[in-house]
Amino acid sequence: MWNAARFAASGLSRSTRRLSTAIPGPCIVHKRGADILHDPWFKQEQDTGFPITERDRLGLRGLLPPRVISFEQQYARFMESYRSLEKNTMGQPAGVVALAKWRILNRLHDRNETLYYRALIDNIKDFAPIIYTPTVGLVCQNYSGLFRRPRGMYFSAKDKGEMMSMIYNWPAQQVDMIVITDGSRILGLGDLGVQGIGIPIGKLDMYVAAAGINPQRILPVMLDVGTNNQKLLEDRLYLGLRQPRLEGEEYIAIVDEFMEAVHTRWPKAIVQFEDFQMKWAFETLQRYRKKFCTFNDDIQGTAGVALAGLLGTVRAQGRPLADFAKQKIVVVGAGSAGLGVLSMAVQAVARMAGNSEAAAHNPFFLLDKDGLVTKERKNFDPMAVPFARDPGEIEGLREGASLLEVVKKIKPHVLLGLSGVGGVFNEEVLKAMRESDSTKPAIFAMSNPTMNAECTAEDAFKHAGEHIIFGSGSPFDNVDLGNGKVGHVNQANNMYLFPGIGLGALLSGARLISDGMLQAASECLASYMTDEDIRKGVLFPSIDSIRDITAQVGAAVVRAAVAEELAEGHCEVGPKELLHMSKEETVEYVTRSMWYPIYSPLVHEK
Ligand SMILES: NC(=O)C1=CN([C@@H]2O[C@H](COP(=O)(O)OP(=O)(O)OC[C@H]3O[C@@H](n4cnc5c(N)ncnc54)[C@H](O)[C@@H]3O)[C@@H](O)[C@H]2O)C=CC1
Ligand SMILES: CC(=O)C(=O)O
Ligand SMILES: [Mg+2]
């Protein structure tokens with residue numbers, strides 16, 4: 001676990017810590033009195049925690065109750081109120097409880113960022129499901145009603161021509177990491193318009209918790225180009241533009257303008273695209289990935305995590321990795337996530353199989369809402385065409401065959417869902433997986449949030465058998481199989497990769513994020529678990545160790561950027577120093593660069 005002791009042991013000096021909070025200069029604040037207490041940019045500093053010397057010198061005496069409360073006491077006080085909220089809401093509907101928990105965390109975030117991030121890091125297993133999936137989905141659905149104060153930036157279709165000046169309204173000098181959405185495909189919940197801002201906020205919270213990105217250098221962005229969600233358009237509380245979504249040239253002109261503005265002010269900022277509907281997800285990725293340091297998390301982050309899961313499945317069967325090419329894998333969902341997974345997996349098969357016989361074998365079967373995708377399909381998205389099967393290739397499997405028919409006929413080793421449709425892996429489909437050709441078939445119900453998962457963990461183990469490997473995008477509890485046996489649930493979520501991809505790109509100073517860097521991230525995750533864990537069906541680490549896995553992934557990304565001569569260095573660490581770092585030294589560099597929440601002095605010590 002990453003904690004204060006670990007941070008102290010990492011050897012960061014006091015001044016480095018101060019620097020790492022990005023407060024300019026050593027006397028550190030120019031404001032005084034109530035301006036400090038009410039300035040949101042000092043909200044990461046202590047309220048009742050201001051020591052007497054700071055109260056004297058910053059004009060705070062009398063503005064706070066006299067007793068100085070230590071960070072540890074503030075932390076304990078918060079956790080106590082959180083635990084009593086848990087107790088007091090017991091038995092209430094799950095959604096009510098989840099939102100109450102989100103509210104208490106959000107209020108802490110507004111009040112005291114340092115304490116908020118410490119609480120998040122120390123309790124990541126409990127809090128990730130609140131600030132990230134699944135609760136973040138509920139928050140987005142109710143965002144206009146929950147709104148109390150803004151977080152992040154909003155660029156709308158009405159801001160055309162203004163973005164270059166607007167970007168300078170952001171008060172931080174430096175921004176390292178941006179997550180942007182247009183709200184058009186929020187998790188599996190569809191078009192939520194401006195309310196989708198919850199996703200960039202949640203993803204960037206994970207960046208701070210997992211990758212130690214400085215919270216003063218993050219920027220959640222909503223690109224509001226309208227919404228096609230009629231219910232929202234009719235909602236009098238809806239906070240976004242009340243117009244249908246921009247399309248075509250008009251749409252892309254807005255994104256272009258935003259990208260130019262961002263990179264004019266912060267040329268090295270990394271931009272992560274998140275939860276864009278498929279056509280714009282692929283279009284923006286192709287348009288910007290060679291020009292800016294950017295990636296699409298749903299296409300590329302998800303692909304890396306899924307590939308690690310697929311390789312883990314081969315290991316769990318006790319087979320050599322090269323046997324990956326011999327697996328039969330059914331992918332349900334031909335959207336940005338499903339196609340991203342297939343593209344990366346096909347490349348992995350080609351690499352592993354080389355010129356061997358296995359290379360001729362196409363292990364993938366793709367289904368969308370209209371069933372099995374074959375070359376007979378009309379009006380099909382060009383991105384999916386390479387993954388269409390030849391019609392009649394497998395006797396009895398026609399174009400548009402149902403999932404049940406495909407599973408019964410193919411007897412796949414892996415069933416992987418990225419459809420956004422809750423329950424499509426129904427009892428019949430799961431029971432059909434009992435006939436799988438694998439001794440340890442894998443079922444990945446990767447859609448989010450929980451109600452959109454293709455099946456629950458419990459149903460998977462109940463219907464498909466106790467020997468399966470199971471992964472889900474949102475967390476489920478492990479399943480009690482009786483007789484002391486446990487069905488292990490893996491959280492197959494891109495959260496295991498995107499923080500490391502972003503951090504590695506940042507610390508290498510990469511010009512762009514290449515396929516090689518993404519592949520390195522995925523391979524690092526795939527090899528993180530021991531054979532013993534993998535045999536037990538544990539493919540991914542516990543979220544408790546997310547900082548450790550992110551450090552490893554980040555280092556793998558840095559080293560790949562260096563190897564491809566894309567690394568230009570970061571701050572005082574130049575490309576030559578990066579080049580001469582060993583693997584261990586790179587991990588150490590990445591770990592040392594992570595921000596950790598502690599209070600920093602606001603005045604010079606005399
Ligand atoms: N676990 C993770 O890390 C990630 C999970 N996801 C989840 O994946 C889901 C899909 O995301 P995108 O691909 O971006 O969405 P998308 O909207 O681009 O694609 C959805 C695809 O599912 C297909 N589909 C719909 N109903 C179906 C049915 N009944 N049977 C089979 N296929 C069906 C559609 O035809 C479409 O091809 C979302 O729920 C999202 O939350 C996405 C990214 C990462
Ligand atoms: C996890 C994620 O990125 C999604 O569900 O869209
Ligand atoms: Mg996403």
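How do the residues of the shell around ligand 2 divide into nonpolar, polar and charged? That opens the first of these exercises, which all use a predicted model.

**Exercise 1. Describe the surroundings of ligand 2.**

Solution.
Step 1: Start with the classes. The shell of ligand 2 holds two nonpolar, three polar and six charged residues.
Step 2: Put names to them. Around ligand 2 stand Tyr132, Arg185, Leu187, Lys203, Glu274, Asp275, Asp297, Asp298, Asn448, Asn493 and Asn494.
Step 3: Look for polar contacts. Oxygen atoms of ligand 2 are involved in each of these: one is 3.0 Å from a polar side-chain atom of lysine 203, one is 2.9 Å from a side-chain N or O atom of aspartate 275, and one is 2.8 Å from a polar side-chain atom of asparagine 448.
Step 4: Check the cover. On its own, ligand 2 has 210 Å² of accessible area, and the protein covers 90% of it.

**Exercise 2. Find the protein donors of the magnesium ion (ligand 3) and place them in the chain.**

Solution.
Step 1: List the donors. They are Glu274 (OE), Asp275 (OD) and Asp298 (OD), lying 2.1 Å from the magnesium ion.
Step 2: Read their spacing in sequence, which is E-D-x22-D.
Step 3: Map the pair of glutamate 274 and aspartate 298 onto secondary structure. Glutamate 274 is in the loop between strand E4 (270–273) and helix H15 (278–288), while aspartate 298 is in helix H16, so that the pair links distant parts of the chain, 24 residues apart.
Step 4: Ask about exposure. Glutamate 274 and aspartate 298 are both buried.
Step 5: Connect this with Exercise 1. Glu274, Asp275 and Asp298 are also among the residues around ligand 2.

**Exercise 3. Examine aspartate 275 by its backbone and its burial.**

Solution.
Step 1: Locate aspartate 275 in the loop between E4 and H15.
Step 2: Inspect the backbone. Phi of aspartate 275 is near 55 degrees, a positive value in a residue other than glycine. As a reminder, most residues other than glycine have a negative phi.
Step 3: Classify the accessibility. Aspartate 275 has a relative accessible area of 2%, so it counts as buried, the cut-off being under 20%.

**Exercise 4. Characterise the shell and contacts of ligand 1.**

Solution.
Step 1: Begin with the nearest residues. Ligand 1 has 26 residues around it, of which Arg185, Ala334, Ser336, Ala337 and Asn494 come nearest.
Step 2: Sort the shell by class: 10 nonpolar, 12 polar and four charged residues.
Step 3: See which helices take part. Helix H16 (297–316) and helix H17 (336–353) each give the shell at least two residues.
Step 4: Collect polar contacts. The side chain of arginine 185 places an N or O atom 2.8 Å from an oxygen atom of ligand 1. Two backbone contacts can be added: a polar atom of lysine 369 is 3.1 Å from an oxygen atom of ligand 1, and an N or O atom of alanine 492 is 3.0 Å from a nitrogen atom of ligand 1.
Step 5: Finish with the area. Ligand 1 taken alone exposes 860 Å², and 84% of that is buried by the protein.

**Exercise 5. Compare the accessibility classes of lysine 328 and lysine 411.**

Solution.
Step 1: Place both residues. Lysine 328 sits in the loop between H16 and strand E6 (329–332), and lysine 411 in the loop between helix H18 (403–410) and strand E9 (414–417).
Step 2: Apply the cut-off. At a relative accessible area of 17%, lysine 328 is under 20% and therefore buried. Lysine 411, at 31%, is partly exposed.
Step 3: Explore the contacts of lysine 328. Residues up to four places away in sequence aside, lysine 328 touches Pro363, Ile410, Lys411, Pro412, His413, Val414 and Asp437. The side chain of lysine 328 also reaches the backbone oxygen of isoleucine 410 at 2.9 Å.
Step 4: Note the backbone of lysine 411, whose phi is positive, about 55 degrees, although it is not a glycine.

**Exercise 6. Locate two cis peptide bonds.**

Solution.
Step 1: Recall the background: most peptide bonds are trans.
Step 2: Take threonine 133 and proline 134, joined by a cis bond with omega about 10 degrees. Proline 134 lies in the loop between helix H8 (124–131) and helix H9 (135–141).
Step 3: Take asparagine 448 and proline 449, whose peptide bond is cis with omega near -15 degrees. Proline 449 lies in the loop between strand E10 (442–445) and helix H20 (457–464).

Definitions and conventions: Residues numbered from 1 in each chain as written. Chains lettered and ligands numbered in written order. Predicted model: local features only at pLDDT ≥ 70, side-chain atom pairs only at ≥ 80, totals over all residues. Heavy atoms only, no water. Near = heavy atom within 4 Å. Polar contact = N/O pair within 3.5 Å; in protein donor to acceptor, adjacent residues only side chain to side chain. Areas by Shrake-Rupley, 256 points an atom, 1.4 Å probe, with all protein chains shown as cover. Helix = DSSP H or I, 4+ residues; strand = E, 2+ residues; numbered from the N terminus. Nonpolar A, V, L, I, M, F, W, Y, C, P; charged D, E, K, R; others polar. Donors = N, O, S within 2.8 Å, 3.2 Å for Na, K, Ca; no water. Buried < 20%, exposed > 50% of the residue type's maximum accessible area, 1.4 Å probe, protein only. Contact = heavy atoms within 4.5 Å.
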